[in-house]
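Colleague: Hi! Could you walk me through this structure? I'm new to this, so plain words please.

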Amino acid sequence: MSGDERRSAVEHSATPDSLDFWSFIDLANRRLSTEFGSTHQLATQVLLTLNRAANVVTYDLESSVHRPRGLSWSAFRLMFVTWLAGPIESKSAAKLTGMSRAAVSNLTKTLEAGGLLERTPDEHDGRSVQLSLTEKGRAEMAATYREHNEREYAWASVLTEAEQHILVMLLDKLITNRSQFDVRGRN
């Protein structure tokens with residue numbers, strides 16, 4: 001269905017149950033413009049689509065790869081960063097994973113209890129700890145990542161290699177230029 005066909009369908013028969021994601025975007029843009037005076041519908045569409053794509057991919061990776069292995073998406077992210085950059089201070093792990101320090105601390109306890117991660121006091125700063133994977137954690141990450149990476153490839157392969165590079169470039173531009181306004185975030 002083309003954009004014009006979707007718009008026409010939305011205008012004439014839109015009920016909440018008949019909407020899909022794209023017809024909702026069309027409805028939202030029309031209503032925001034006509035009823036609420038919004039002048040930045042494309043910005044709304046870009047960020048709703050970006051958020052939706054991230055959520056769809058994350059849910060798929062978590063439900064098809066990580067949950068069957070007994071891990072959450074957050075646990076995988078922390079183990080992944082620790083696997084590649086560790087031993088790592090928990091504060092740095094929080095920054096690299098995009099999680100709060102409290103979330104990393106709570107997740108560390110769970111992964112430590114499962115024998116996948118260990119905490120050791122930092123030699124230079126007695127208030128902080130270094131995180132590292134146990135032997136079991138390293139073996140789990142090696143196996144999990146192979147499966148995870150195959151799923152990543154399945155998702156990314158719908159784009160050409162050039163399109164993948166362009167997408168990474170555009171997302172990088174979006175993220176690195178956030179300093180132009182007062183962005184709130186963990187990092």
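Colleague: Let me start with one residue: is arginine 119 buried, exposed or partly exposed?

Modeller: Happy to help, and please keep in mind that this is a predicted model. Arginine 119 is partly exposed, with a relative accessible area of 36%.

Colleague: And which side chain does arginine 119 meet in a salt bridge?

Modeller: That of glutamate 112, with 2.9 Å from N to O. Glutamate 112 counts as partly exposed too, at 29% relative accessibility.

Colleague: How many salt bridges does a search of the whole structure find?

Modeller: Seven. One of them joins glutamate 35 to arginine 31, where the closest N and O atoms are 2.8 Å apart.

Colleague: Where do glutamate 35 and arginine 31 lie?

Modeller: Both are in helix H2, which covers residues 21-36. They are four residues apart, and that is about one turn of the helix. Glutamate 35 is partly exposed at 44% relative accessibility, and arginine 31 is partly exposed at 36%.

Colleague: Which salt bridge links distant parts of the chain?

Modeller: Look at glutamate 140 and arginine 69, whose side chains meet at 2.9 Å, N to O. Glutamate 140 sits in helix H7, while arginine 69 is in the loop between H3 and H4, and the two are 71 residues apart. Glutamate 140 counts as buried at 19% relative accessibility, whereas arginine 69 is partly exposed at 31%.

Colleague: Which residues are linked with those two in a network of salt bridges?

Modeller: Glu147 belongs to it, so to speak: Arg69, Glu140 and Glu147 are linked in a network of salt bridges.

Colleague: Let's zoom out. How many helices and strands does the chain have?

Modeller: There are eight helices and three strands. Along the sequence, the pattern reads α-α-α-α-β-α-α-β-β-α-α.

Colleague: What share of the residues is buried?

Modeller: Of the 187 residues in the chain, 25% are buried. The accessible surface comes to about 12,600 Å², and carbon and sulfur atoms hold 55% of that.

Colleague: What about contacts between residues 24 or more positions apart?

Modeller: They account for 49% of the contacts in the chain that have a separation of 6 or more.

Colleague: Now show me one helix up close. Which residues of H5 are buried?

Modeller: H5 runs over residues 90-97, and its buried residues are Ala93, Ala94 and Thr97. They are on the same side of H5 because they cover an arc of only 100° around the axis.

Colleague: And which residues are exposed on the other side of H5?

Modeller: Lys95 and Leu96.

Colleague: What covers the buried residues of H5?

Modeller: The cover includes helix H4 (73-85), strand S1 (88-89), helix H6 (101-113) and strand S3 (129-133).

Colleague: Which glycine comes just after H5, and what is its phi?

Modeller: That is glycine 98, with a positive phi of about 80°. For background, most residues other than glycine have a negative phi, and most peptide bonds are trans.

Colleague: Which residues are joined by a cis peptide bond here?

Modeller: Glycine 86 and proline 87, with omega at about -5°. Proline 87 is in the loop between H4 and S1.

Colleague: Back to the surface. Which residues form the nonpolar patch?

Modeller: Among them are Leu42, Val46, Leu47, Leu171 and Ile175, and the patch as a whole has about 860 Å² of accessible area. Helix H3 (41-66) and helix H8 (161-176) each give two or more residues to the patch.

Colleague: Val158 is in the patch as well. Where is valine 158 found?

Modeller: In the loop between helix H7 (135-156) and H8. Valine 158 is exposed, with a relative accessible area of 68%.

Colleague: Last one: is aspartate 60 buried or exposed?

Modeller: Aspartate 60 is buried, because its relative accessible area is 14% and the buried class means under 20%. Aspartate 60 lies in helix H3. Leaving aside residues up to four places away in sequence, aspartate 60 touches Val65, Arg151 and Trp155.

Colleague: Thanks, that was easy to follow!

Definitions and conventions
Residues numbered from 1 in each chain as written. Predicted model: local features only at pLDDT ≥ 70, side-chain atom pairs only at ≥ 80, totals over all residues. Heavy atoms only, no water. Buried < 20%, exposed > 50% of the residue type's maximum accessible area, 1.4 Å probe, protein only. Arc of directions from axis to C-beta. Contact = heavy atoms within 4.5 Å. Patch = residues over 30% accessible without salt bridge, like charges linked within 9 Å, V, L, I, M, F, W, Y side chains within 5 Å. Areas by Shrake-Rupley, 256 points an atom, 1.4 Å probe, with all protein chains shown as cover. Salt bridge = Lys/Arg side-chain N within 4 Å of Asp/Glu carboxyl O.
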